[in-house]
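User: Please take a close look at one part of this model, the open sheet and the strand enclosed within it. Then set that part in its wider context.

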Amino acid sequence: MSSSSLKLLSAPWLCLAEAGTVPQTPQNGIHSVGAGTSDEFEVLCGPLLNYKRMSNAASQAPTWHGSILIVTTPGQHHPELTLRCLGPAVASQTNGSASVTGSGSIPGTKLYEDPRKTFWRFLIDVPFQNFEAKWEYSIASTTRSSGERKGGPNTFVVPSIAQSMRILFHSCNGFSVGTNVDAWSGPALWNDVLRMHQQKPFHVMIGGGDQIYNDGVRVDGPLRAWTDIGNPHKRRGYPFNEQLRAECDDYYFNNYIGWYGTKPFSDANAQIPQLNIWDDHDIIDGFGSYTDRFMRCAVFRGIGGVAHKYYLLFQHHIPPPKSTFTTDAPNTMKVGLDGTPEDPIQMKDTFVKTDDKEDPSYIIGSMPGPYVEERSRNLYCQLGARIAFCGIDARTERTRHQINYPETYKQIFDRLSAEFAANKEIKHLILLLGVPIAYPRLQWLENIFSSPIIAPIKFLNKRFGFAGGVFNKFDGNVDLLDDLDDHYTAHQHKHERKELILQLQDLAKKHSVRITILGGDVHLAAIGRFYSNAKLGIPAERDFRYMPNVISSAITNKPPPQAVANLLASRNKIHHLDHDTDETLLELFDHDPGHKPGAEVINGNGNGNRTGTNGKIPKKTSDKNHATMPSRNYAIIAESQEDPATVAAAVPAPAPTTATNGDAPAPVEGTQELVHGAPVSAVLDVKANARKPMHAGENGAGTFHPAATGLQPTGLCGAYGLDVTIRVEITPNDKEGHTEGYGFSVPALDAGAYLGQGTTW
């Protein structure tokens with residue numbers, strides 16, 4: 001390592017990992033594009049902050065690993081990032097002196113460059129402190145393409161050694177084609193996110209898919225001519241030549257630059273580390289869920305490759321494959337285990353970093369996907385002291401009849417089991433799936449859309465354009481069918497879904513780790529739960545089958561009509577996964593946002609008062625619907641205790657007593673059996689309504705629950721409980737995006753009593 005590669009000011013703790021990675025010999029025939037003489041960097045996008053993982057998690061000296069990305073015009077010198085610790089994020093949090101002082105300088109590493117742009121990455125490795133630490137970074141001599149000087153500083157917050165991360169979860173961060181963006185005040189809820197972040201910082205924001213909507217490529221982009229072809233045979237045979245590939249490449253890049261540069265989303269990107277998994281709109285609407293014959297056409301294979309390229313660069317900060325599919329380069333059409341082969345035409349005047357070391361957070365699939373012809377990238381990392389995270393890439397391997405390969409599930413569960421065995425401090429697993437898994441069934445609707453009675457209408461549509469809005473332009477099926485086929489509850493995914501849940505149950509039981517599942521996609525908020533059938537008599541604190549599914553969608557896109565949400569709520573039955581596992585939605589929504597009984601201050605439970613609502617706030621659901629909320633939203637997840645280490649010997653916090661949404665059965669009088677410092681809940685009566693609260697953390701679920709604020713730990717559910725908050729938009733007329741909070745808490749798991757009792761317990 002050369003001493004000039006990394007300029008240190010006074011901080012030997014800084015990341016040395018990328019020192020010297022700028023190639024001294026050409027990769028792909030070039031060092032860079034352009035002269036490289038400018039003293040200032042013209043920034044097209046960024047900075048974008050990512051969280052990767054923590055290392056040495058079980059030690060007293062763990063390390064936080066992340067990255068920062070900027071996109072600049074090409075031909076420039078290597079930029080440098082300056083990083084320093086500002087001390088405690090909260091002035092009262094001293095807990096001893098800092099282990100770091102001064103500041104350090106980190107050179108950028110070039111990931112990709114062509115004649116239009118350069119992607120620079122800065123790898124950041126910092127030590128966890130005994131306090132929640134605020135870090136400041138800046139990139140010298142940078143200007144916006146508009147001429148505005150922009151180098152920072154920006155800040156981010158890392159939890160203390162003893163803390164787990166405070167998590168923001170969001171999905172569906174964009175608008176569908178044809179949406180009146182002004183009527184929905186743009187991405188207004190990001191203003192709300194930033195207000196909450198200012199009051200109590202988020203340590204990570206998990207993107208559950210559709211971080212960007214690229215669907216416009218078929219409306220006002222280069223695929224318009226292809227989309228307009230009426231003959232399905234001609235559409236399937238349409239070539240994806242080099243010209244079309246280049247045009248699509250420009251479209252996806254420009255769309256990323258535009259959206260990721262849009263405030264207030266761009267401000268959040270610079271302050272809250274991202275952790276993302278993609279979904280269909282990151283590619284194009286419905287990708288993977290159309291018929292196999294159509295999905296294998298050249299155009300879909302082509303845009304899958306282009307979307308994957310920019311997904312890796314913008315959302316993961318890693319170099320893409322050298323080339324993507326095009327019918328003008330036959331070698332790119334023959335994919336092997338290593339993905340798409342190199343195309344000399346695409347590599348002309350282009351640099352791609354080829355010696356990048358894979359981050360250990362990735363669980364990389366063993367074979368390429370069927371339509372995105374690269375291997376899936378699933379994620380595992382630890383979110384602070386006691387929370388683990390796993391994100392399943394449910395799009396790369398997806399077909400209409402499969403979500404992930406069996407081999408990929410085995411890789412994921414082997415990794416999870418090994419991680420939990422190595423670190424007994426992990427109490428919770430946050431599992432990210434792009435689509436809800438505990439959700440009302442709509443198989444009757446699937447049957448209608450797939451039935452022969454639709455055939456005459458499809459014929460009239462094809463010949464005369466009849467019911468044009470009902471059928472999609474791709475494979476001619478009913479437009480909603482691809483969305484239904486995406487769901488784990490779709491009939492063709494039922495077996496895969498069941499096997500996944502049963503494997504999760506075994507994992508939870510073996511390691512006494514509570515699993516909470518995140519899902520997005522459906523443009524409404526809800527809380528699904530799996531749980532043991534009441535006949536088994538297992539209390540929630542010991543129930544390894546109890547898994548909440550936090551459904552939060554969309555943070556930006558418009559919600560479905562009220563009638564759709566009410567229909568889904570009416571389908572909220574008690575379903576039986578098997579003889580021992582039931583599932584249903586929790587009735588979380590005690591009233592519509594802005595209609596809290598007796599509340600003069602509409603948004604007084606979180607982040608400021610009502611503004612810009614233009615008078616009366618319309619209702620969003622029927623009076624009977626307490627399970628699904630068709631309003632823009634995001635979720636907050638955090639530990640329920642300020643200091644879990646002191647809870648086991650302390651007096652348990654009382655559960656909320658409001659009966660707004662009903663209460664779970666109280667523990668039997670005279671018994672005070674504790675799990676992680678909290679009383680064990682009474683078992684659910686076989687005749688009880690499981691849509692209502694079933695343990696102390698769910699009592700009073702909704703706006704009166706102490707977790708509804710999303711700001712203060714509730715003290716519920718013992719030493720290792722989690723607080724969950726859904727922040728729901730009050731009205732889309734409010735450009736500041738104020739929200740109302742709905743909350744409940746999740747107990748940690750002690751499944752030791754059931755370890756030796758087989759898979760039926």
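Analyst: The sheet comes first, then its enclosed strand, then the surroundings.

This is a predicted model. The chain averages a pLDDT of 85, and 80% of the residues score at least 70.

Start with the sheet. Nine strands form it, and it is open. The order runs S14-S15-S16-S17-S18-S20-S19-S22-S21. Its pairing is mixed. The edges are S14 (362–368) and S21 (575–576), each of which pairs on one side only. Strands of a sheet pair through backbone hydrogen bonds, either parallel or antiparallel.

Both senses appear here. S16 (residues 387–391) and S17 (residues 428–432) run parallel, joined by five bridges. Within that pair, Phe389 has Ile430 of S17 as its bridge partner.

S19 (residues 526–532) shows the other sense. On one side stands S20 (residues 547–551), paired with S19 in the antiparallel sense over five bridges. Ala526 is bridged to Ile551 of S20. S22 (residues 581–585) also pairs with S19, again antiparallel and again over five bridges. There, Phe530 stands opposite Glu583 of S22. In the strand order, S19 sits between S20 and S22.

Now the burial of S19. Seven of its seven residues are buried, so the strand is largely enclosed by the rest of the structure. Ala526, Gly528, Phe530 and Ser532 point one way. Ile527, Arg529 and Tyr531 point the other way. Both sets are buried, the charged residue Arg529 included.

Next, a sheet strand that helps to line a pocket. S15 (375–382) supplies at least two residues to the lining of the second largest pocket. So do S1 (41–55), S2 (63–72), S6 (118–127) and helix H7 (298–316). S6 gives the most, with four residues. The volume of this pocket is about 940 Å³. Its lining has 35 residues, and those nearest the centre are Pro319, Asp356, Lys357, Glu358 and Arg377. By class, the lining holds 16 charged, twelve nonpolar and seven polar residues.

The closed spaces are another matter. The structure holds six cavities of 30 Å³ or more. The largest has a volume of about 110 Å³. It is lined by 14 residues, and Ile538, Ala540, Asp543, Leu684 and Met694 are the closest to its centre. Ten of the lining residues are nonpolar, three polar and one charged.

For a helix, turn to H1 (residues 189–199). H1 is mostly covered, with eight of its eleven residues buried. The buried ones are Leu189, Trp190, Asp192, Val193, Leu194, Arg195, Met196 and His197. They pack against one helix, H5 (265–271), and several strands. Those strands are S10 (167–170), S11 (204–207), S23 (633–639), S26 (722–729) and S27 (739–746).

Last, the regions to treat with care. Over residues 600–614, pLDDT stays under 50, and the model has 45 contacts beyond four places in sequence for this stretch. Residues 649–653 also stay under 50, with seven such contacts. Where pLDDT is low, the predicted coordinates should not be read in detail.

To return to the part you asked about: S19 has antiparallel partners in S20 and in S22. Its residues point two ways, and all are buried.

Methods. Residues are numbered from 1 along each chain as its sequence is written. This is a predicted model: local features need pLDDT of at least 70, side-chain atom pairs count only at pLDDT 80 or more; totals for chains, interfaces and linings use all residues. Side-chain values use heavy atoms; hydrogens and water are left out. On a 1 Å grid over the protein atoms alone, a cavity is a set of points where a 1.4 Å probe fits but cannot get out, and a pocket is an open set with protein on both sides within 12 Å along at least five of seven lines; lining residues have an atom within 4 Å of a point. Grid points are joined across faces, edges and corners, and a volume is the space filled by probe spheres set on the points. Buried means under 20% relative accessible area, exposed over 50%, partly exposed in between (1.4 Å probe, protein chains only). Contact means heavy atoms within 4.5 Å. pLDDT is the predictor's confidence in each residue, from 0 to 100. Two strands pair if DSSP finds at least two bridges between them.
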